[in-house]
Every structure is written in structure tokens, then in C-alpha cells.
Amino acid sequence: MPAPEKVNILVVDDLYQNLLVMGAILDELHENVISARSGAEALQLILQYDFAVVLLDVNMPGMDGYETAAFIRKRKKSALTPIIFLTAYADEIHKAQGYSLGAVDFLLSPVVPDIVRTKVRVFVELFRMNQEVKRSAEERVAMAQMEAARSAAEAAQAAAEESSRRSAFLAQISSELAGLLETEVTARNLARGVVPFLGDFAAVRVPVEAGGEATELAWVDSLGQTGVKTASGTAMLPAFLTEVMGRVQAAGNTEIQDWSDANLPGQASGDRSQKPDSRSPNPDTENDSLPMPLHCMAVLPLRVRQETLGTLALGMGPSRRRFGPADIELAENLASRAAVFLENARLYQQIIDADRRKNEFLSMLAHELRNPMAPIQNAVEILNSLDTPGDELKWIKGVIDRNVRQLARLVNDLLDISRITQGKIRVEKEPVKVTDVVDQAVEISRPLIDSRKHELALSVSGNQLWVNGDSTRLAQVIANLLNNAAKYTEPGGRIELRVALESPVGAEDDQVMFRVRDSGIGIAPDMLPKIFELFTQIDRSLDRAQGGLGVGLSLVKSVAELHHGTVQAFSEGLGKGSEFVVRLPRLDPSTLKDRSEESSILRPAHMQAPSKESNGMKTKTKALALRGGKTETTKENLTEES
């Protein structure tokens, strides 16, 4: 039989690389793919050739896709040529405009090759059939020509409708499966989605964790009633189906079986194998039988990248249908897509597990690092308190102190990463005076600000601003913003911290607004939307050794949200500074109980130390003693008084 004559496919795009990609995708169709770089060139080709389908880029300089489509439609010979628009975006207005010009579909870039080939193949085959109908009509007499043309048109429409119906089914079930990220849920939706379109009965078997298997059944009976069933392993499948699915799983090849009415599988055992009507209609009552007798069955592997991830069994029962070549082709297409979705679900679970293990490791690492750091920090305090001469020793103590503090910041960042990713940040809320939060934050950030010779401008409007929150965490939020401003501002810069009461229009409660503005390096526009994401840093250059791990702003956002507040970042661009605004609900001072002011005078600490002292406890005890504290040795757990 001679090979069918190739048909023409027109691809219009002003970008040469897009034409190359589309040509490679359509090359598997073995048709004539003709390219055009502009709308004018496409119109010239329309005058010369007949095309089965036109793939038309919307956004082209000069004559765009919509204008080109309008000219194509004005020509009688090409008025019915299918047009598929290619675009990077397509809202409802653009779609309506395209469909008004006769578009049959929109494909969003980047395109999926299989979908492009499937859609184009439909119109190619339709075009080829139409051409065949024309040739046949020309060979017949007038009466026969009319009859043949009518029959061919009906057949073409039926084929097109069937093809469209199959494409729509494939697109719908693919869309439903694509967003699923659990293996069992994907298998369940696959089994339910193929019934009754591809069969009266469906079974899906996939391996799950711990070496087990999940089995999903779905079916529709002669009355149109659907049923589903889920189980672990293969206990609810009859032996013959378990055997066939096992073979397909091992070999990775499709198997099709057909039975006569005298020997229909579907019953559990005994005489019921010869008497289909005597079985129980409820599949839950028979673990080793099918919910219906099957006339034919197709078992397909769910295979991707030379690995079989499971099996899909399709059966025909009450509908008396049989599997044709088109049905098998569609089922295999679906099976290959389902395998990709199952692999995506498996990979997602692996990523989740790896992320959990990473978080557990970071948490464990941070806690383990804190153990040797405590005695080192206490030893530095002891060295600083000793009156030891020598510039070299002072320099050594300074080196130790700076590096221990840097290591402490990194360890605290690791702990914060663990808390953020695992959602374990906790706040202990109580009425907090805003000025106390500001004082504590400035005290934390002052060494870094002074070391870089910045000017810090403070402005707090009113002395009676209160919020309901965790004073330590809120101070950490403001301190993180001040530290960021200090780190990303060149030495000698200016940093402003302004606190004011804000009364947003339409809001029920007033808000306390903290503004931290600097004259630093600024933030690029593309960084603003992700500046609060974990591990995000504006500048990773080596000369910014104070950069940390990119946790500070993510912690700011998390703590602000835990206080029912918000945080925003603003910048006019690189080199123009930046501004961060934190808003927290204001606490009405009239609701506060009278509180006596607490004395801020520090007393010498009194500590009971365990009799078996660790390095950290020994150095802590020594440091307290040098500051005038009193320690006692006891066998009880550590306690501390202030």
C-alpha cells in the first residue's frame, strides 16, 4: 500500500528559534512543515499551498497573529483552515478575539510536544480524509459523487468528533492527575477517571512504601451504577487478573485477552464461573471475584524511563464493547502520561522526605554546635575579665571573641531555619510597651551600627504605644531589620527607625507602624517579591562576611504574621536605599491593668550547679564568680535566680 501523500502544516513565528523547536516537535508526524517569519510571508504561502492547519504566533511585530488570521479567513479557499494560536498568555478577552476569527484552539508557551502533535494530528488526518473524499468524488458520476461526498463528510465529522472527544477525555484526565502529589491518590483518580470512557471496569496496581502495593478498582454495571474499592495488596483481585498484571509489571508489555460468552471470567470460583447471573452484585462480599463478568481485557504497564511503576487493567463487561486499535492507542497514551504523574508523585514524596531529614539534621546540628560554644563564650568572658597585659594577648582575645560571636549568629540562624521550616516558632504574648521593644532592638544592633560608623536616627511618636506580643521576638524583628540596614549600607551611611500610630481607612483597629529606612545598596525590582523567602540574600559577595544564611527577613515575616501583623519591603532600585515597614495591631492602653514598674537594677546571680560539672558549667560558674555571683554545687538539675 503506497504511503499517504504528505500534507502541509504552516508554522508562523517571528523568532527563528521557535520555528526550529516547532519543526522538531512536528517532525514525528512526517508531514511537510512550512515556516514563515511574518504575517505577510504567511499570506503569500496561503496563496500558494493548501494547509491542513496553521500554527500562528499571536505576538509578532508588524502584522500580528490576529490580523493575519483575519486575512486568512477573508480568502474563500482558506476560510475554513484550522488556526491554532501560539501565545505566552491568553486571557478571556484574547481568547474571545481569537475564537471570533475562527481559531480552533490556544496553546500556551512553552508548549507540551505530545499535546501539540496530538492536536495537529487530528487536523492532519481530517485534512487527509477531506482530500480523499474530494478525489473519490471526482471519479464518480454526479449522483454517486453526491452520495460519496455526503458519506465521506459524515464519516469525517464522526471521526473528527470522536477524535475531539478522545482528545478532550485525554486532556481532562491529564489535567486531573497532573496536580496530584500522592501515589495512592493518583492511582485512585486514574481508576475512577477511565470508567466508563475506556472500559466498564478498571484496576490500578502501584507499589507503595515499605514494599507494599495499593490496588484501586472502579466499575460501572449494566444499570449505569458506579462503584469503587481500595485495598492494600492484591487480595481483592482474582488469581487470573493478579497473574496477568504481574506479567505485565515484570515484562513491561501490554496484554489483551478476549473470552467467549461461555467462559467469562469475573466469578470467584465453582459453578459461578459458568453462571454469571448467579454471582453477588456487591463486590465487597467477594474478595476474590470481580464485580462483573468481563468479555475482554487489556492490561497496560505504567512505564516511564524504562521503569514500570505499576499496571492499569481495563475490562469490558455489560456494555459488550470490544477494544479496537484506537482504544488501545488511547489507553497506551494515557498509561504513559499516568506513569509520568506517578513518578512526579513519587519524586515529590522523596523531596518531602529529604527536606524533613534535612530539617532534622539542621536542628540536631545546631543543638550539637551550641554545646561546645557555651564554654568557649564563657572562657572569653573570663579572659576579658582578667587584667592581663600584652597587646598580642588582647588581639588574640579579640579574634576569639569576634569569631565566637559570628559562630553564635550562624548557629542561631540554623536554629531559626529549623523552626521556620517546621513551623515551630512560638510566641508568648503579653502587653508590651513599644518603646521597650525599640530600646531592646537598638541595644542589640548598636555594636554593628557603631562598628560601621552609621548614623542612627530614632523617632517614636508617643510614649503610650502598646502591642500584644512577645517582647523578645518583636525586638528580634526590629533588630534584624536594623542589622540588615547596617550590613547592606556602606560605612558612614544613615539609618532611620521611625515608630508611629497609623489608622488605616476602613480598618477596625489602629496599627503601630515601624519603619526602618537606610541609604544602602537598595533592592533590585526582581528581588522585591522574594526578599522574605528563606535563604534569600541581596548580596552574596565574599567581602560581606556578615551576610549570615539569609534567614533574618524570613524570620521577620514569620514573627510578624504570628502577631497578626504584616511586613513590606520597598526600594526604588539598586543604589537608592531600602525601606521595611512592619505593622502590628495596637493594644488599647485603657485595657491594661496597672503595672508597677520593675526595677532594672541587676543583682549578682545565684546559681546552683550540678556536682558533675561539664565544661560549659565550669566556665559559667567561673564567669559568674568573677562578676560577684555566688554558686553552689548540688546533685539537682541546674536552676538560676536573678
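Both E31 and R128 are buried, where buried means under 20% relative accessible area, exposed over 50% and partly exposed in between (1.4 Å probe, protein chains only). The exercises below start from this pair. This is a predicted model, in which local features need pLDDT of at least 70 and side-chain atom pairs count only at pLDDT 80 or more, while totals for chains, interfaces and linings use all residues. Residues are numbered from 1 along each chain as its sequence is written, and side-chain values use heavy atoms, with hydrogens and water left out.

**Exercise 1. Work out what joins E31 to R128, and which parts of the chain the pair ties together.**

Begin with the bond: E31 forms a salt bridge with R128, and the closest N and O atoms are 2.7 Å apart. A salt bridge is a side-chain nitrogen of Lys or Arg within 4 Å of a carboxyl oxygen of Asp or Glu. Next, place the partners: E31 lies in the loop between helix 1 and strand 2 and R128 in helix 5 (residues 113–138), so the pair ties together parts that are 97 residues apart in sequence. Helices (H or I, at least four residues) and strands (E, at least two) are DSSP runs, numbered from the N terminus.

**Exercise 2. Examine the salt bridge of R583 and E502, and state where its two residues lie.**

The side chains of R583 and E502 meet at 2.7 Å, N to O. R583 belongs to strand 18 and E502 to strand 15, so this salt bridge ties together parts that are 81 residues apart in sequence. R583 and E502 are both buried. As a further step, note that salt bridges with shared partners join E162, R165, R166 and D327 into one network, and that the count of salt bridges comes to 26.

**Exercise 3. Describe the open sheet of 5 strands and the helices that touch its strands.**

The strand order is 2-1-3-4-5, with parallel pairing; two strands pair if DSSP finds at least two bridges between them. At the edges stand strand 2 (32–36) and strand 5 (103–108), each of which pairs on one side only. Neighbouring strands of this sheet are turned by 20° against each other on average, direction ignored. Helix 1 (residues 16–26) packs on the sheet and touches strand 1, strand 2, strand 3 (53–57) and strand 4 (83–87), its direction making about 155° with that of strand 1. Contact means heavy atoms within 4.5 Å, and axes are lines fitted to C-alpha atoms, for helices over the stretch in contact, with angles from 0 to 180 degrees between N-to-C directions. Helix 2 (residues 39–48) lies across strand 1, strand 2 and strand 3, and runs at about 140° to strand 2. Looking within the sheet, strand 1 (residues 8–12) and strand 2 pair in the parallel sense over 5 bridges, and I9 stands opposite V33 in strand 2.

**Exercise 4. Find which helix gives the largest share of the largest nonpolar core.**

A nonpolar core is a set of buried Ala, Val, Leu, Ile, Met, Phe, Trp, Tyr and Cys residues joined through side-chain atoms within 4.5 Å. The largest has 41 residues, and those with the most contacts inside it are V434, I478, L482, L497, V499 and F514. Its largest share, 9 residues, comes from helix 12. Apart from this core lies another, of 36 residues, among them F169, V194, A214 and A335.
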